[in-house]
Every structure is written in structure tokens, then in C-alpha cells.
Amino acid sequence: MANKERPKIGLALAGASSRSVFYVGFLEVLQEHDFQVDYISALSGGAVIAASYACGMLPEMKKFTLGMNKELVFSLIEKSKGKGGLYHLEKVEEIIRYYTRNLRFEDVKPRLGIVTTDLTVGEPVVLEIGDIARAVCASCALPFIFEPMAWGNKLLIDGGIMSVVPGPAARQAGMDIVIGLNLQAKPHVFSSWQVAIGKLVRIIKKALFFDQATQLWQNVAGSLDFFKSYSPLVDRATLNRPGVFSVLGRSVDLAIKAQKKDNPKTSKYGCDMIIKPDIHIPFWKHQLLFHFVDFSNVENLYQLGRRTAEEYLPKMQALIDNYNEPGRN
């Protein structure tokens, strides 16, 4: 790179729920090799790791993620006080605030872009100013499971609703080279059967009174361990927010719209390179959402992250070295 200007490098981290420990190993290797990153766009579980990395807390986050288990997760999520989701993320926000040192976007390097979805407008929202911990929680607000999060005049949910890999956010931030990491086992947040259920819920809501629809869902969800301890939905006039069925229906609509735009087999999500490690998740765990609380493989995922970074570092460096070559578009 002698006599050449170094291109700006961006990483785009997909959501990964319990698999996010992969990113700890990956970023750890980049640090060890002094691979400079200028910007990280991330969403959902990827945002948690990206934020701790930018805030200088990756070693501490490594200890935390390698010790994660289902019991710890359920101790951190509490029954919703509103009506937009089954649980809220207040305790989770306290944990994230520790691992981001209560910093703001303006205080950290590399720069961060936490990707969320505006539930009302139906567009991606990239948070780059203000409170990092709260922004991360907004990006983790998986529809139906967690309450949407208010941010100014916006109501924000999981950034993965609109796009799995947030490459466009890094590109819009001025990055010359964008490297995406995709740990998703499916091309979108909702699988086909979950989309079908979302449509059915909307039909039920229209056909029945709200209380009847709520009771029906409680009867169905009560058979799944993940949903057993949520509180009944309460209609509170003081809460100017959509109910859980409205959130789910709107999210499904947005996901369907996004699915029509992207071909997961050919899309590079606005990235120059997509890294997609082979992570196997049993079909039944994915379909029943159990992969969100499956921490039985965290050590192997961490090591896979390290091996993947070692494998791709020469390819990533080649992108940089060839950036200013004559004839490059």
C-alpha cells in the first residue's frame, strides 16, 4: 500500500442470537493481527458483540458469552409491562450498559452503526448518535418476543426484519470495502411457517374480539417452554403503542416485502465479500425458536470464529491491496 491511500474498511455483522460468540473469536483475531476496521454495522446479537468491541470490552464480553446458559438468559428477561411484546429488555440493557462502559456512539472507535427497523414507517434505521446500550437493545427487540423500543418519535424493532446482513449501512457510512459476516441459517428472520402463523394471527384478530384472540394464543403458546412464563396482555389506555398482534402482523408484512427484494442465493447485501461459516442448527431448534437459548456449543463457536478469521485474513488483505489497482470499478 506504499504511496496509496488506505481504503476505509467496514464490517457488517448479521444477527446471530446465541451464535454471536462466533464474533468474539473473529474480532479477537483481527485485533491480534492489527487488522484495522473503521466502521462496524451490526444488528441484533451481532450488535452486542460489535458494541463491546468498539468500547474496548471484548475480553470481558468473551468471559460473559462463554459462560452463557439458558438459565442466565431467562433471569435477564422479564415479563412485559406493556402490550407490544411478551418480555422487556430492561435488565438486558443494564448488562449491555456495563459491557459498553455507558459510552455514546460519539466516544468510540471503530465507529458503530446499530441497525434497527422503524415499525411504523417500515424502513431500516441506523443509529449512530446517542446511547449505545439502548440502541443495541432496540436492535435486539425481536417482534412478538420483546417490546418495541421508543427512540425519539420512532418505534424500533429488530434490524434483521428488513435485511439479514447490514452491508448497506456500512456503505452509506462511507466505507470503501465492506466485509459481511452472515451467521443466519435462513435468509430472513421469519421462516415460511412463522410467516404463515403471523398471517393467521391477523385473521384471528379480525375475526374475534381481542381478548378471545389473546386467550387462543395463550393456549397454543403454553405448550412451548419458551413462552410459558409470559404475562397476559393488558390493554392500558395510557400506553400509546401497538399490541402484540399488531407488532407481529406489521413485522411479517415487512419481512415478506424484504424477501421479495432479496435473492438470498445471489445477494451480497451490499458487501464486497460475504463470509458465511458452516454452522449447523437442527431443523427443529430453528423452527421452534429454541436456537435463541441454545448455549451448548459456545466454546466451539468461539473457536470457529477464530479459525474463520485466520482463514479469511489473507483474502481480506487482498481486497485492500487490490483496491487501488488500475481498472478497478
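**Close-up 1. Ile49 and the residues it touches.**
Leaving aside residues up to four places away in sequence, Ile49 touches Ser20, Tyr23, Val24, Leu27, Leu58, Met61 and Thr65. This is a predicted model, and Ile49 sits in helix H2. Is Ile49 buried or exposed? Ile49 is buried, with a relative accessible area of just 1%. One of its contacts, Thr65, is 16 residues away along the chain, and the C-alpha atoms of the pair are separated by 9.4 Å. Keep Val24, Leu27, Leu58, Met61 and Thr65 in mind, as those names come back in the contact of H1 with H3.

**Close-up 2. Helix H1 against helix H3.**
Here the axes of H1 and H3 come within 10 Å and cross at roughly 150 degrees. Angles over 145 degrees count as roughly antiparallel, so that is what H1 is to H3. The crossing is left-handed. On the H1 side, the contact is made by Val21, Val24, Leu27, Glu28 and Gln31. H3 brings Leu58, Met61, Lys62, Thr65 and Leu66. Sort the residues of this contact by type and you get six nonpolar, two polar and two charged.

**Close-up 3. The buried face of helix H3.**
Which residues of H3 are buried? They are Leu58, Met61, Phe64 and Thr65. Look down the axis of H3 and these buried residues fall within an arc of 115 degrees, so they line one face of the helix. The general rule behind such a pattern is that an α-helix has 3.6 residues a turn, so residues three or four places apart point the same way. As for what lies over them, the cover of the buried residues of H3 includes H1, H2, H4, H5 and H12. Leu58, Met61 and Thr65 also turn up among the residues that Ile49 touches.

**Close-up 4. Helix H1 against helix H12.**
H1 (residues 21–32) also packs on H12 (residues 298–321), at an angle of about 40 degrees and with the axes 7 Å apart. That angle makes H1 oblique to H12. This crossing is right-handed, whereas H1 passes H3 in a left-handed one. From H1, the residues in the contact are Val21, Phe22, Val24, Gly25, Phe26, Glu28, Val29, Leu30 and Glu32. They meet Val298, Leu301, Tyr302, Leu304, Gly305, Arg306, Thr308, Ala309, Glu310, Leu313 and Met316 in H12. By type, the residues of this contact divide into 13 nonpolar, three polar and four charged.

**Close-up 5. The two faces of helix H5.**
Four names to find in H5 (residues 90–99) are its buried residues: Val92, Glu93, Ile96 and Tyr99. They cover an arc of only 120 degrees around the axis, which puts them on the same side of H5. Which exposed residues does the face turned away from that buried side carry? That face has Glu94 and Tyr98. The buried residues of H5 are covered by elements including helix H2 (44–54), helix H3 (58–66), helix H4 (70–76), helix H6 (132–139) and strand E8 (149–151).

**Close-up 6. The loop between H5 and E5.**
Follow the chain out of H5 and you soon reach Arg101, which takes a positive phi of about 55 degrees just after the helix. Asn102 does something similar: its phi is near 60 degrees, again a positive value in a residue other than glycine. Arg101 lies in the loop between H5 and E5, and Asn102 is found there too. How accessible are they? Arg101 is partly exposed, with a relative accessible area of 48%. Asn102 is likewise partly exposed, at 48%. Further along, a cis peptide bond joins Lys109 and Pro110, with omega about 0 degrees. Pro110 belongs to this loop as well, with strand E5 (111–118) at its far end.

**Close-up 7. Zooming back out to the whole protein.**
To place the views above, the protein has 12 helices and 11 strands. Of its 329 residues, 55% are buried. How far apart in sequence are the residues that touch? Among contacts between residues at least 6 apart in sequence, 78% join residues at least 24 apart.

Notes: Residues are numbered from 1 along each chain as its sequence is written. This is a predicted model: local features need pLDDT of at least 70, side-chain atom pairs count only at pLDDT 80 or more; totals for chains, interfaces and linings use all residues. Side-chain values use heavy atoms; hydrogens and water are left out. Axes are lines fitted to C-alpha atoms, for helices over the stretch in contact, and angles run from 0 to 180 degrees between N-to-C directions. Angles under 35 degrees count as roughly parallel, over 145 as roughly antiparallel, 65 to 115 as roughly perpendicular and the rest as oblique. A crossing is left-handed if the near helix is turned anticlockwise from the far one by less than a right angle, and right-handed if clockwise. Contact means heavy atoms within 4.5 Å. Ala, Val, Leu, Ile, Met, Phe, Trp, Tyr, Cys and Pro count as nonpolar, Asp, Glu, Lys and Arg as charged, and the others, Gly among them, as polar. Buried means under 20% relative accessible area, exposed over 50%, partly exposed in between (1.4 Å probe, protein chains only). The arc is that of the directions from the helix axis to the C-beta atoms.
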